[in-house]
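Here are my notes on this model, as numbered points. Please read them with the structure open.

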Amino acid sequence: MVFQGLTRREAQAVWQPFREALAGQPEDFEVDYGALSVITVAAREFWAPTWAKRMLGFMRQDSRPDAPATNVYWSGDEAQAGQVLHGYESAWLPAALLQADRREALGDALFAATRHWPVSLHLNKGLAGASAEVVDAARDTAMNPAVLDAFALAILGAEGPPAYPGVAGREPDEARARRQAQMIDQAMAELRRVLPAHAAYVAESNYFQADWQQAFWGANYARLRAVKRQYDPEGLFFTHHGVGSEDWSADGFSPRV
């Protein structure tokens, strides 16, 4: 997780109750405490290609001959370079699922989902527990209001190595992609069982999302449609599953009558 406005000691204090809770239940949890380290750096140096970041494994350097030392990238993003996505899903998980009477259902849903495909919980994206000022500011955006009380964004994704149709030895593995996409669909179906409604993060979502208007924007969609009609009545600006795209064919070239 990334944080700002806290000292290293303050950030450690935020996580201390969590660490103590895990330590108090050794029969239920196996914890890699080395992965729970807190590191601080000045914001102006966050993207700097420093030796320390490379040594700690946060960044990697371009390995091509004569590549500038400033050619760096985050290690966690390496698999995304040229990847072919096989499937992708996301869902905001409401904080209500953390209440005592809902935790078992949440745990069961997560376990059932992982029988089909791994699920990652991105705790840095939901706004549950944020200050009233932060929540109010987010409420005044186009994002699905589900983000306001979400404690995490669940993400399920699968990808293949860089590939391109027609390039010998580098063709996408379509059969594998379809299998993995199906497994992701099955895993998300398990999570949906405990969600009041499926709300997704538009920037990390299923390209084939069926209920995309509701999933991406929720109650905000009607207002967004009105804005679209007012300022772009001819539908000049088009994007896949963007506001108003239901008025056009999938390629954006033919209006639907």
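1. **The sheet.** This is a predicted model. Three strands form an open sheet in the order β3-β5-β4, and their pairing is antiparallel. Strands β3 (84-94) and β4 (120-122) are the edges, each pairing on one side only. On average, neighbouring strands of this sheet are turned by 30° against each other, direction ignored.

2. **Pairing of β3 with β5.** Strands β3 and β5 run antiparallel and are joined by 10 bridges. One pair to check on screen is Trp92, whose bridge partner in β5 is Leu153. As background, strands of a sheet pair through backbone hydrogen bonds, either parallel or antiparallel.

3. **Pairing of β4 with β5.** Strand β5 covers residues 150-160, and three bridges join β4 to β5. These two strands also run antiparallel. Ser120 has Ile155 as its bridge partner in β5. His122 stands opposite Leu153 in β5. Leu153 is thus a residue to look at from both sides: Trp92 is a bridge partner, and His122 stands opposite Leu153 as well.

4. **Burial of β5.** How many of the 11 residues of β5 are buried? The count is nine, so β5 is largely enclosed by the rest of the structure. In the protein as a whole, buried residues make up 28% of the 257 residues.

5. **The helix on the sheet.** Helix α5 (residues 174-192) lies across β3 and β5. The helix runs at about 5° to β3.

6. **Glu159.** Strand β5 contains Glu159. Is Glu159 buried or partly exposed? Glu159 counts as partly exposed because its relative accessible area is 34%, between the cut-offs of 20% for buried and 50% for exposed. Leaving out residues up to four places away in sequence, Glu159 touches Gln83, Val84, Leu85, His86 and Gln180. Val84, Leu85 and His86 fall within the range of β3 (84-94), and Gln180 falls within that of α5 (residues 174-192). Trp74 is 85 residues from Glu159 in sequence, and the two C-alpha atoms are 18 Å apart in space.

7. **Two positive phi values.** Most residues other than glycine have a negative phi. Two residues here deserve a look. Asp66 has a phi near 65°, a positive value in a residue other than glycine. His241 also has a positive phi, near 55°. What are the surroundings of each? Asp66 is found in the loop between β1 (59-61) and β2 (72-74). Asp66 is exposed, because its relative accessible area of 80% is over the 50% cut-off. His241 lies in the segment after α7 (221-231). His241 is buried, because its relative accessible area of 16% is under the 20% cut-off.

8. **Ala100.** The loop between β3 and α3 (103-114) holds Ala100. Ala100 counts as exposed, because its relative accessibility is 65% and the cut-off for exposed is over 50%. How many Å separate the C-alpha atoms of Ala100 and Ala112? The separation is 19 Å, for residues 12 apart along the chain.

9. **Glu10.** Helix α1 (residues 8-23) includes Glu10. The relative accessible area of Glu10 is 39%, so Glu10 is partly exposed. Glu10 and Phe151 are 141 residues apart along the chain, and 21 Å separates their C-alpha atoms. Phe151 falls within the range of β5 (residues 150-160).

10. **Overall make-up.** The secondary structure comes to seven helices and five strands. Along the sequence, the pattern reads α-α-β-β-β-α-β-α-β-α-α-α. The C-alpha trace spans about 60 × 55 × 40 Å along its principal axes. Take the contacts between residues at least 6 apart in sequence: 60% of them join residues at least 24 apart.

11. **Surface and charge.** The protein exposes about 17300 Å². Carbon and sulfur atoms supply 56% of that area. There are 24 positive and 32 negative side chains. The centres of the two sets lie 2 Å apart.

How values were computed
Residues numbered from 1 in each chain as written. Predicted model: local features only at pLDDT ≥ 70, side-chain atom pairs only at ≥ 80, totals over all residues. Heavy atoms only, no water. Pairing = 2+ DSSP bridges. Helix = DSSP H or I, 4+ residues; strand = E, 2+ residues; numbered from the N terminus. Axes fitted to C-alpha atoms, helices over the stretch in contact; angles between N-to-C directions. Contact = heavy atoms within 4.5 Å. Buried < 20%, exposed > 50% of the residue type's maximum accessible area, 1.4 Å probe, protein only. Areas by Shrake-Rupley, 256 points an atom, 1.4 Å probe, with all protein chains shown as cover. Lys, Arg positive; Asp, Glu negative; His and termini not counted. Charge placed at Lys NZ, Arg CZ, Asp CG, Glu CD.
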